[in-house]
Amino acid sequence: MNFTIVLLALTYLLTGFLLAASALAITFPRHPILGMPQHWGLQLWWLALLGALPALWLREWVAFAICAAVVAYWTRRLFRKKPGEDVEAAPLLRIVFANLLHENTDYARGVAAIAAIAADVVVLCETTPGARAAFRALEARLPHALDTCVPEGLYGITILSRFPLRERSRGFGEEAPPRHLAADLDVAGMPVSLVAIHPTNPLRLSRAYRVPGEFAAVAAMCRAAENDLIVIGDCNAAGWSQPLRAMEQAAGIANDRGLRPSWPVWLPHPIRLPLDHVWVRGRLTLRRARLGRPFGSDHLPLIAEIGRL
């Protein structure tokens, strides 16, 4: 079998996969399982660019047209223009979010990495009792703390803050939709509500049915918050996906729509998934958001600079 035949076969296999995956993403955006390819839009974009090259070289115009169409579709979804602010925002606080990965027991590395960011507020998820004990080292600088940790629990959420905290609501464990910790902060006399979330991973197929209801519940929590609002967490969903777009619209929250591929750290940056997100509402604006360095988890930490308009 010569090289051209093999390349032709591989090109059409890739083209068929791209067409099928994109069709599922377009047709079933609200279905937690059938719509799952939408979270891999960035990877489909890269694969379509790659597939267009052999299609062009082989002059297989049908395959080339499919790849070009897939590139165009995902370009439109992935690289939407961010809603920028015309007003310069005064700095208010720095917040860091980190999924610790419950299997990770290198607590000292994690504590050192998060401490080095010098955040005003630290939000952690997948906080086990062991991790919670280790991160008490940060409470000398961040003395106000809330958490949903329970003995033998794997999915606790912790908030450590330089500012006073008052708990609003919580959800924890495997049966509470959604996992979250909501609190009000007093930021130099300015009341700010914070909602930290960690919805169900749709790859856990037996629980994927919970995902739409969890995002709807998060939106309801946001609507109930009367103060300026920050929402942050590991959403187990890409920022361009329909569930997150619907939550944004229902909750009245916004971010910079930046691509920050945070998981898994062992993949090259261009093909990771952007699962960790931050949004704001009210007089707050997202001045800057970036990913931090690896610290032993399968996620990179998300660092956000929040400003006040």
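**Helices α2 and α3**

I began with α2 and α3 in this predicted model. Helix α2 covers residues 41–58 and helix α3 covers residues 61–78. I found their axes 8 Å apart, packed at an angle of about 155°. Angles over 145 degrees count as roughly antiparallel, so I noted α2 as roughly antiparallel to α3. I also looked up the hand of the crossing of α2 and α3, and it is left-handed.

Next I wanted the residues behind this contact. On the α2 side I wrote down G41, L42, L44, W45, A48, L49, G51, A52, A55 and L56. On the α3 side I listed W61, A63, F64, C67, V70, V71, W74, T75 and L78. Sorted by class, the contact of α2 with α3 has 16 nonpolar and three polar residues, with no charged ones.

**Helices α1 and α3**

I stayed with α3 and turned to its other partner on my list, helix α1, residues 3–27. The axes of α1 and α3 come within 10 Å and cross at roughly 35°. This crossing of α1 and α3 is left-handed. From α1 I noted T11, Y12, T15, L18, L19, S22, A25 and I26 in the contact. From α3 the residues are V62, A63, I66, C67, V70, Y73, W74 and R77. The class count for α1 with α3 gives twelve nonpolar, three polar and one charged.

I then compared my two lists for α3. A63, C67, V70 and W74 are in the contact with α2, and A63, C67, V70 and W74 are also in the contact with α1.

**Helices α6 and α7**

Further along the chain I looked at helix α6 (residues 211–224) and helix α7 (residues 242–251). Their axes come within 8 Å and cross at roughly 20°. Angles under 35 degrees count as roughly parallel, and α6 and α7 are therefore roughly parallel to each other. I recorded the crossing of α6 and α7 as right-handed. F215, V218, A219, C222 and R223 of α6 meet P243, L244, M247, A250 and A251 of α7. I sorted these into nine nonpolar residues, no polar ones and one charged.

**Q43 in α2**

Is Q43 of helix α2 buried or exposed? I found Q43 buried, with a relative accessible area of 12%. What does its side chain reach? The side chain of Q43 reaches the backbone oxygen of R272 at 3.1 Å. Setting aside neighbours within four places in sequence, I have Q43 in contact with I271, R272 and L273.

**V280 in β9**

I picked V280 from strand β9, which takes in residues 276–281. V280 has 8% relative accessibility and counts as buried, because the limit for buried is under 20%. Which residues does V280 touch, if those up to four places away in sequence are not counted? My list reads L229, I230, I253, A254, T285, L286 and I306. I also checked V280 against L244, a residue of the α7 contact with α6. V280 and L244 are 36 residues apart along the chain, and their C-alpha atoms are separated by 14 Å.

**P151 in a loop**

P151 lies in the loop between β3 (144–147) and β4 (156–161). I noted P151 as exposed, at a relative accessible area of 74%. I then looked up its distance to L34: the two are 117 residues apart in sequence and 35 Å apart in space, C-alpha to C-alpha.

**Backbone oddities**

Last, I went through backbone geometry. Most residues other than glycine have a negative phi, and most peptide bonds are trans. With that in mind I kept three entries.

- I found a cis peptide bond joining W263 and P264, with omega about -10°; P264 is in the loop between α7 and β9.
- E126 is not a glycine, yet I read a positive phi near 55° there. E126 sits in strand β2, residues 121–127, and counts as buried at 10% relative accessibility.
- A188 also has a positive phi, about 50°, without being a glycine. I placed A188 in the loop between β6 (180–187) and β7 (190–197), where it is exposed at a relative accessible area of 76%.

So how do the two positive-phi residues sit, buried or exposed? My notes have E126 buried and A188 exposed.

Note on methods
Residues are numbered from 1 along each chain as its sequence is written. This is a predicted model: local features need pLDDT of at least 70, side-chain atom pairs count only at pLDDT 80 or more; totals for chains, interfaces and linings use all residues. Side-chain values use heavy atoms; hydrogens and water are left out. Axes are lines fitted to C-alpha atoms, for helices over the stretch in contact, and angles run from 0 to 180 degrees between N-to-C directions. Helices (H or I, at least four residues) and strands (E, at least two) are DSSP runs, numbered from the N terminus. Angles under 35 degrees count as roughly parallel, over 145 as roughly antiparallel, 65 to 115 as roughly perpendicular and the rest as oblique. A crossing is left-handed if the near helix is turned anticlockwise from the far one by less than a right angle, and right-handed if clockwise. Contact means heavy atoms within 4.5 Å. Ala, Val, Leu, Ile, Met, Phe, Trp, Tyr, Cys and Pro count as nonpolar, Asp, Glu, Lys and Arg as charged, and the others, Gly among them, as polar. Buried means under 20% relative accessible area, exposed over 50%, partly exposed in between (1.4 Å probe, protein chains only). A polar contact is a pair of N or O atoms within 3.5 Å; within protein, one must be able to donate a hydrogen and the other to accept it, and residues adjacent in sequence count only if both atoms are side-chain atoms.
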